[in-house]
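Colleague: Before I rely on the assignments in this model, I should like to hear the reasoning behind them. May we take the ligand and then the charged pairs?

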Amino acid sequence: MGRFSGKVALITGSSKGIGRAIAVRFAQEGASVIINSRNNDEHVAETIRQVEETGAKVHFIKSDISKVDVVYAMVKESVEVFGKLDILVNNAGVEINAPFWEVTEKDYDTVMNINLKGMFFLTQAFVRYMMENNVVGVIVNNSSVHEELPFPNFTAYCASKGAMQMVMRNLAVELGPMNIRINNVAPGAIRTPINADLLSKPELLGTLQNNISLRRLGEPEDVAGVVAFLASDDAKYVTGSTYYVDGGLTFHYTEQ
Ligand code: NAD
């Protein structure tokens with residue numbers, strides 16, 4: 001019996017990277033999983049393959065989480081397919097690299113609408129589902145060390161992740177009396193497609209690794225393990241917290 005036996009989990013942005021690792025980890029621990037991404041491509045097929053390999057049930061929803069009606073429909077579809085929904089992982093996120101003075105309205109809207117508005121209204125849809133059905137679930141958000149740390153040339157990204165921190169803290173207070181828990185994981189530098197550019201530059205990678213106490217990039221599975229902990233009853237007294245999964249990047253000490 002896994003920790004998520006009989007549970008249903010919806011993980012946004014789970015066609016690849018950290019989202020895929022979370023979907024597979026939940027499946028390994030007994031959950032039925034709903035995976036999601038904007039496109040139905042070979043990455044989706046690979047995630048489905050990996051989840052099915054565990055013996056778990058999987059359902060794919062192709063949708064763009066930046067639209068409010070879409071995220072409400074996602075909760076409805078999840079419940080229609082598996083009969084209920086227990087766990088929401090707000091994982092999908094994007095970043096756009098540009099100096100502050102060159103950020104366009106379109107870039108700003110893209111980042112904020114996916115990273116912040118998407119998690120905000122999908123969480124709202126999930127909370128309304130729980131209230132209407134008198135059930136209790138748990139929410140885990142994938143924010144970033146950049147909910148705390150500056151990241152030059154990624155100001156909209158940092159704004160979205162900083163805001164995720166306050167949404168999470170606020171909801172911990174508002175939802176706590178209903179026993180609905182919400183926490184963030186804040187990954188550091190993780191080896192995923194979002195970092196393709198960095199991964200192709202050995203000098204940049206070397207400098208970065210010297211600022212990570214554990215001296216290596218994280219793997220998607222490193223994040224998935226902490227998400228699984230927060231979503232499980234092992235964390236039943238944890239709400240309103242950010243868990244850093246960064247190998248010691250955020251509070252690393254550099255020799256002067
Ligand atoms: P990734 O690019 O590998 O995967 C992102 C996923 O989100 C994909 O499945 C993509 O299809 C999906 N997605 C993007 N826009 C979407 C939308 N509008 N609707 C639905 N799905 C959408 O990225 P990743 O590195 O796995 O990042 C996942 C999360 O982790 C993001 O929120 C990111 O900000 C956060 N994060 C990543 C790192 C890192 O180093 N990789 C560090 C800190 C935080």
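Colleague: What makes the approach of G188 to the ligand a polar contact?

Modeller: In this predicted model, a backbone N or O atom of G188 lies 3.2 Å from an oxygen atom of the ligand. The cut-off for a pair of N or O atoms is 3.5 Å, so the pair qualifies. The side chain of K161 also supplies a polar atom, 3.0 Å from a ligand oxygen. From I18, a polar backbone atom is 2.8 Å from an oxygen atom of the ligand.

Colleague: How much of the ligand does the protein cover?

Modeller: The protein covers 95% of the 830 Å² of accessible area that the ligand has on its own. The elements giving two or more residues to the shell are α1 (17–28), β2 (32–37) and α5 (155–175).

Colleague: Why is the pairing of R49 with E53 called a salt bridge?

Modeller: The side chains of R49 and E53 meet at 2.9 Å, N to O. A salt bridge requires such a nitrogen within 4 Å of a carboxyl oxygen, and therefore the pair meets the criterion. Both residues lie in helix α2 (residues 42–53), 4 residues apart.

Colleague: Why is E53 called exposed?

Modeller: E53 has 62% relative accessibility, and exposed means over 50%, so the term applies. R49, at 40%, is partly exposed.

Colleague: In the salt bridge of D86 with K84, is D86 buried or exposed?

Modeller: D86 is buried, because its relative accessibility is 11% and the limit is under 20%. K84, at 29%, counts as partly exposed.

Technical notes:
Residues numbered from 1 in each chain as written. Predicted model: local features only at pLDDT ≥ 70, side-chain atom pairs only at ≥ 80, totals over all residues. Heavy atoms only, no water. Polar contact = N/O pair within 3.5 Å; in protein donor to acceptor, adjacent residues only side chain to side chain. Areas by Shrake-Rupley, 256 points an atom, 1.4 Å probe, with all protein chains shown as cover. Buried < 20%, exposed > 50% of the residue type's maximum accessible area, 1.4 Å probe, protein only.
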